[in-house]
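This report goes through one protein model, from its open spaces to its core and its charged pairs. Keep the sequence and the structure in view while reading.

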Amino acid sequence: MAFGIKRKELEQWKDAVSRGEIAYITHYWVEPRFPGITTITKVGCADMDRLRAWCITHKLPPERIHQRDAFPHFDLIGPRQYEILKQEQLWDQIERFKLQEWYEQNQ
């Protein structure tokens with residue numbers, strides 16, 4: 001279940017993904033399989049070669065890309081979520097969802 005984002009943000013993410021850009025969207029998330037995880041970042045790109053290359057660059061398995069309709073994406077959770085958002089300098093998402101605090105508490 002996703003929450004904590006506005007429709008406009010989701011539409012902007014979808015538009016960027018559709019254009020073949022690497023696009024990030026973070027939202028609150030509850031999934032019983034992952035206790036203690038409260039957020040997820042979806043890294044999307046309709047250009048599958050570009051998305052696979054992004055995975056390889058970040059040492060993530062491309063076979064875990066979710067190939068959903070027009071919005072293929074890779075799900076980032078836990079420490080890697082924070083580390084990659086930090087590498088990409090996506091400070092607004094880090095701050096908004098208090099990911100640095102979560103990361104520091106879970107190290």
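Helices (H or I, at least four residues) and strands (E, at least two) are DSSP runs, numbered from the N terminus. The model described here is predicted.

**Pockets**

The largest pocket holds about 340 Å³ of space. Its lining is made of 14 residues, and Arg64, His66, Asp75, Leu76 and Ile77 are the ones nearest the centre of the pocket. Strands E3 and E4 each contribute at least two lining residues, and E4 has the largest share, with three. By class, the lining of this pocket splits into eight nonpolar, one polar and five charged residues.

The second largest pocket has a volume of about 220 Å³. Among the residues that line this second pocket are Ile5, Glu9, Trp13, Tyr24, Asp92 and Phe97. Helix H1 (7-18), strand E2 and helix H4 (91-96) each supply at least two of its lining residues. The largest share comes from E2, which gives four residues. This lining has six nonpolar, three polar and three charged residues.

**The cavity**

How many cavities of 30 Å³ or more does the structure hold? There is one. The space in the largest cavity is about 40 Å³. Around the largest cavity stand Ile37, Thr38, Thr39, Gly78, Gln81 and Trp102. Of the residues in this lining, two are nonpolar and four are polar, while none is charged.

**Nonpolar cores**

In soluble globular proteins, nonpolar side chains tend to be buried together. In this model, the largest nonpolar core has 23 residues, and Tyr24, Trp54, Leu60, Phe74 and Leu76 have the most contacts inside it. Strand E2 (23-29), E3, helix H2 (48-57), E4, H3 and helix H5 (99-105) each give two or more residues to this core. The most come from H2, with four residues.

Leu60 shows what such contacts look like for a single residue. Leaving aside residues up to four places away in sequence, Leu60 touches Trp54, Cys55, Phe74, Leu76, Arg80 and Ile84. There is also a second, separate core of five residues, including Trp13, Ala16, Val17 and Ala23.

Some residues of the cores also line the pockets. Leu76 belongs to the largest core and lies in the lining of the largest pocket. Tyr24 belongs to the largest core and lines the second largest pocket. Trp13 and Ala23 are part of the second core and line the second largest pocket.

**Salt bridges**

Side chains of opposite charge can pair when their charged atoms come close. The whole structure contains six salt bridges. The table lists some of them.

| Pair | Closest N to O distance |
|---|---|
| Glu21 and Arg19 | 2.8 Å |
| Lys42 and Asp75 | 2.9 Å |
| Arg80 and Glu83 | 3.3 Å |

Glu21 has a relative accessible area of 31% and is partly exposed. Its partner Arg19, at 56%, counts as exposed.

Where do Lys42 and Asp75 lie? Lys42 lies in strand E3 (residues 39-44) and Asp75 in strand E4 (residues 73-76), so their salt bridge ties together parts that are 33 residues apart in sequence. Lys42 has a relative accessibility of 19% and counts as buried, because buried means under 20%. Asp75, at 23%, counts as partly exposed. Asp75 is also one of the residues nearest the centre of the largest pocket.

Arg80 and Glu83 are both in helix H3 (residues 78-87), three residues apart, which means that about one helical turn separates them. Arg80 is partly exposed, with a relative accessible area of 30%, and Glu83 is partly exposed at 26%. Arg80 is also among the residues that Leu60 touches.

**Two lysines with positive phi**

Lys59 has a phi near 55°, which is a positive value in a residue other than glycine. Lys59 sits in the loop between H2 and E4, and at 74% relative accessibility it counts as exposed.

Lys98 also has a positive phi, near 55°. Lys98 is placed in the loop between H4 and H5. Its relative accessible area is 53%, so Lys98 is exposed.

Key: Residues numbered from 1 in each chain as written. Predicted model: local features only at pLDDT ≥ 70, side-chain atom pairs only at ≥ 80, totals over all residues. Heavy atoms only, no water. Salt bridge = Lys/Arg side-chain N within 4 Å of Asp/Glu carboxyl O. Buried < 20%, exposed > 50% of the residue type's maximum accessible area, 1.4 Å probe, protein only. 1 Å grid on protein atoms, 1.4 Å probe; cavity = no way out; pocket = protein on both sides within 12 Å on 5 of 7 lines; lining within 4 Å. Points joined across faces, edges and corners; volume = space filled by probe spheres on them. Nonpolar A, V, L, I, M, F, W, Y, C, P; charged D, E, K, R; others polar. Core = buried A, V, L, I, M, F, W, Y, C linked by side-chain atoms within 4.5 Å. Contact = heavy atoms within 4.5 Å.
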